[in-house]
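Q: Hi! Could you walk me through this structure before I head back to the bench?
A: Happy to, let's pull it up.

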Amino acid sequence: PIRCECQPRARSSRIEGAMPPVQEPRERQEASAEAALTTQQLQRNFYWFALNFAVNHGVVTTPLVLSTSVLAGDAGYVGNALINIFTMVASFFLGAPLTGTLGPRGGVLFGMLLYCIYAALFAVAAYVGKDGKDNIGETAKQLQLIIFSIGSACGGIAAGVLWTAQGAYFSRTVDLIHEREGGERSALTSKMASRFAILYLVCEVIAKLLWSLLSYLKVPGWVNGIIYTGAGALALVLQLNSFNLSSTGPRTAVLQKVKAAASLWTDPVLLMVAGINLTFGFSAAFMNGYINSEYTSPQLGSFAVTLLAAMTALFAGLFSHVFGYVSERVGKGPVVCVGALSFLGIPFCFFALKCCSGWDWALVVLYILQGSGRAVYESTNKGIFSDLFADNAPGAFANQILQVTGSFAICFFLSSSLKGPTLAWIALVLAAITPFGYFGAVALRKQQARRQDCTAALAANAA
């Protein structure tokens with residue numbers, strides 16, 4: 001296991017654009033408050049933070065899956081496209097700057113608030129078409145499109161900021177616990193990432209199953225939207241009780257935060273560890289856009305789409321626990337290989353086993369494989385970014401979200417040419433090269449660490 005040896009700059013060597021010295025007392029107060037926290041307090045706070053994050057994210061993203069079936073016309077499709085576009089933009093131009101300005105918790109609260117607005121506007125759009133998507137007039141269709149488009153833009157901005165801030169909060173928590181306990185930082189990131197993923201995915205499963213139950217009980221979609229908006233807002237309020245941890249590195253101007261994220265583009269490690277992010281994006285597009293519509297829904301019924309989506313998240317949560325245990329003991333490399341093989345297994349079934357006509361409930365195999373791959377993406381993958389970019393967590397996680405949403409956006413813009421088999425081939429190739437990229441990134445970081453040690457030794461001898 002490798003951690004990046006680069007350390008945050010000392011306060012006496014602030015980079016250009018840093019906040020003026022008058023802010024030093026506040027920074028010292030934050031450092032003093034964090035120093036007083038015990039390991040047990042930090043761990044309990046992290047679980048509280050993760051639970052509220054998971055509840056908010058789970059309830060407000062359920063409409064994302066159901067919007068095309070609840071809203072009329074192209075409102076759902078346009079809204080989902082806008083979410084990916086705005087997430088891409090926000091993850092780079094807003095994620096790192098807002099996380100640096102508001103702090104990790106402030107960035108998370110900002111994203112959770114916009115997520116609530118997204119869910120609320122979905123409820124309003126669904127109310128406009130409360131008589132049914134097939135009985136709605138053209139004027140109401142246009143109104144639905146406008147309302148949900150605005151909500152989707154808010155949801156995209158929320159995602160771009162939220163996940164960047166969550167990554168920074170995660171990394172800072174790991175840093176503080178590591179300072180108190182010592183040991184391998186990589187093992188700690190594995191444990192914390194797996195536990196976060198379990199809470200996150202369990203809440204997603206519950207949210208999807210609850211929506212299915214409410215729909216079975218004939219509760220209108222707009223009422224469901226109001227209920228879910230309320231649950232997300234409650235989680236937002238409760239999140240105010242989590243610790244206000246500082247961000248890593250010095251406080252810098254907004255432009256410097258954007259530059260910090262862009263500066264990683266010259267780091268080959270960023271591209272080398274992009275495999276799981278890109279593979280997850282294309283594989284999810286293949287499952288959601290092709291397998292669901294062409295095989296699952298026709299063979300099993302539309303209810304099975306939501307059911308199997310919940311099953312994917314459920315298996316992802318179960319596998320996250322297993323993979324976290326394995327990562328702590330043997331490192332992240334074997335887990336990355338398992339995740340890559342899981343994603344590779346889906347196109348393998350499609351091409352080698354002639355999936356999926358007549359498979360019926362045997363289709364669940366594909367969703368289990370997707371769940372296994374997603375477990376690595378949601379847990380181990382975040383630990384990898386925290387390890388390899390420990391000195392620039394906001395910028396690293398902004399780029400991580402950019403990679404995932406970029407693959408989704410590519411699938412949308414090229415949807416006319418990227419048919420199911422094409423997506424399957426892309427996912428297969430990306431899955432096959434993912435392990436090589438990860439092990440190459442680890443080797444490169446080791447080489448860089450050795451060079452830094454040699455340089456430091458030479459400087460010490462010269463002195």
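Q: How much area does the chain expose, and what share of it do carbon and sulfur atoms supply?
A: This is a predicted model, and in it the chain exposes about 19,500 Å². Carbon and sulfur atoms supply 67% of that area.

Q: And what percentage of the residues are buried?
A: Of the 463 residues in the chain, 54% are buried.

Q: Switching topic: how many helices and strands are there?
A: The chain has 14 helices and zero strands. Reading from the N terminus, the elements run α-α-α-α-α-α-α-α-α-α-α-α-α-α.

Q: What share of the contacts join residues at least 24 apart?
A: That comes to 85%, counted among contacts between residues at least 6 apart in sequence.

Q: Now Leu-113, where is that one found?
A: Leu-113 sits in helix α3, which covers residues 75–128.

Q: Why is Leu-113 classed as partly exposed?
A: Because its relative accessible area is 44%, and partly exposed covers values between the 20% and 50% cut-offs.

Q: What separates its C-alpha atom from that of Gly-232?
A: The two C-alpha atoms are 8.5 Å apart, while Leu-113 and Gly-232 lie 119 residues apart along the chain.

Q: Last thing, what's the average pLDDT?
A: The chain averages 81, and 86% of the residues score at least 70.

Q: Which residues have a pLDDT below 50?
A: Residues 1–23 are a stretch with pLDDT below 50. In the model, that stretch has 40 contacts beyond near neighbours in sequence.

Technical notes
Residues are numbered from 1 along each chain as its sequence is written. This is a predicted model: local features need pLDDT of at least 70, side-chain atom pairs count only at pLDDT 80 or more; totals for chains, interfaces and linings use all residues. Side-chain values use heavy atoms; hydrogens and water are left out. Helices (H or I, at least four residues) and strands (E, at least two) are DSSP runs, numbered from the N terminus. Buried means under 20% relative accessible area, exposed over 50%, partly exposed in between (1.4 Å probe, protein chains only). Contact means heavy atoms within 4.5 Å. Accessible areas come from the Shrake-Rupley method with a 1.4 Å probe; for residues, only the protein chains shown count as cover. pLDDT is the predictor's confidence in each residue, from 0 to 100.
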